[in-house]
Amino acid sequence: MLSLPNLLTLSRIVAVPLLVAFLWWPSWQAGFGIAFALYCLMGITDYFDGYLARAQGAVSKLGVFLDPIADKIMVAAVILMLVGTRHNDVAAITGIHIIAALVILLREIAVSGLREFLAGLQVSLPVSKLAKWKTTLQMVALGGLILSGALPGEAWIKIASLASLWGAAALTVVTGWDYLRVGLKHMD
């Protein structure tokens, strides 16, 4: 249970409050810089926990359970903090861009519920390649928005990050619909 892959996954969950703390003060550029480094480290551990589990033949039920939860906690916390820092126009998700963030959060909740429902029927809902692209674009977008808080003079970072956020939101709708279609086949 306390294998290296599981410890890496748990470290991501434990690091979320620290990430939130560094994002708490919207005008603290150094805090956003540290948050960006921590966010990148969390992303790297996300890759390596799965890679190591498969390579070592150490895929566990705990890891399968915790990995998607760790991802969702991290994404939800960052989105909430970036929406909550509205008075910092540099890094914040504001205006119409809140819709893209909301689409991502709602899809995460809906797909989690769908997976839970289907698990009760012993039906697996594997992650699609398009959903992996969605996750990558989403992680890049959120990382870029955090970085834009550390480098407020570089407006292109925020512009590119918001474009990525909308791209992730579009893929979120497509993959969410794909998952829902699969799920509907198993509902009365």
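## A buried salt bridge and the helices around it

Let's start inside: Arg12 and Asp46 pair up through their side chains in a salt bridge, with N and O 3.3 Å apart. Arg12 sits in helix 1 (residues 4-23) and Asp46 in helix 2 (residues 29-55), so this one pair ties together parts of the chain that are 34 residues apart in sequence. Keep in mind throughout that this is a predicted model.

How covered are the two partners? Arg12 has a relative accessible area of just 1%, so the residue counts as buried. Asp46 is at 18%, and because the cut-off for buried is under 20% relative accessible area, Asp46 counts as buried too.

Helix 2 also carries Gly43. The C-alpha atoms of Gly43 and Arg12 are 8.5 Å apart in space, while the two residues are 31 apart in sequence. Unlike the buried Arg12, Gly43 is partly exposed, with a relative accessible area of 34%.

### The overall fold

Stepping back, what is the protein built from? There are six helices and zero strands, which reads along the sequence as α-α-α-α-α-α. The radius of gyration is 17 Å, close to the 16 Å that the globule rule gives for 188 residues, so the protein is as compact as a globular protein of that length. Along the principal axes, the C-alpha atoms fill a box of roughly 50 × 35 × 20 Å.

Of the 188 residues, 41% count as buried. Counting contacts with a sequence separation of 6 or more, 77% are between residues 24 or more positions apart. The accessible surface comes to about 10,200 Å², and 73% of that belongs to carbon and sulfur atoms.

### Spans listed in the record

UniProt, in an unreviewed entry, lists residues 31-52, 64-84, 90-114, 135-153 and 159-180 under "transmembrane region". That label comes from the record, but the model can be checked for what the chain does over two of these spans. Residues 31-52 are 100% helix and 0% strand, with the end C-alpha atoms 31 Å apart. Residues 159-180 are likewise 100% helix and 0% strand, and there the end C-alpha atoms lie 31 Å apart.

### More salt bridges

How many salt bridges are there? The count comes to eight. Here are three of them, with the closest N and O atoms:

| Pair | N to O distance |
|---|---|
| Arg12 and Asp46 | 3.3 Å |
| Arg107 and Glu108 | 3.7 Å |
| Arg181 and Asp178 | 3.0 Å |

Arg107 and Glu108 are both buried. Arg181 and Asp178 both belong to helix 6, where they are three residues apart, about one turn of the helix. Are these two buried or partly exposed? Arg181, at 42% relative accessibility, counts as partly exposed, and Asp178, at 27%, is partly exposed as well. Elsewhere, salt bridges that share partners join Arg12, Asp46, Asp49, Asp67 and Asp71 into one network. That puts the pair from the opening, Arg12 and Asp46, inside this network.

### Helix 6, inside and out

Helix 6 is worth a closer look. Ser164 is one of its residues, and at a relative accessible area of 15% Ser164 is buried. What does Ser164 touch, leaving aside its neighbours within four places in sequence? The contacts are Leu137, Val140 and Ala141.

Other parts of helix 6 face a nonpolar surface patch. Phe117, Leu121, Trp177, Leu180, Leu184 and Met187 make up this patch, with about 540 Å² of accessible area together. Which element gives the most to the patch? That is helix 6 (residues 155-184), with three residues. Met187 belongs to the segment after helix 6. At 33% relative accessibility, Met187 counts as partly exposed; the patch takes residues with over 30% relative accessible area, so a value like this passes the cut-off.

So helix 6 shows up in several places here: it holds the buried Ser164, the Arg181 and Asp178 pair, and three residues of the nonpolar patch.

Notes
Residues numbered from 1 in each chain as written. Predicted model: local features only at pLDDT ≥ 70, side-chain atom pairs only at ≥ 80, totals over all residues. Heavy atoms only, no water. Patch = residues over 30% accessible without salt bridge, like charges linked within 9 Å, V, L, I, M, F, W, Y side chains within 5 Å. Areas by Shrake-Rupley, 256 points an atom, 1.4 Å probe, with all protein chains shown as cover. Salt bridge = Lys/Arg side-chain N within 4 Å of Asp/Glu carboxyl O. Helix = DSSP H or I, 4+ residues; strand = E, 2+ residues; numbered from the N terminus. Buried < 20%, exposed > 50% of the residue type's maximum accessible area, 1.4 Å probe, protein only. UniProt positions renumbered as here; feature names shortened; annotations may be inferred. Contact = heavy atoms within 4.5 Å. Rg over C-alpha atoms; globule rule 2.2 N^0.38 Å.
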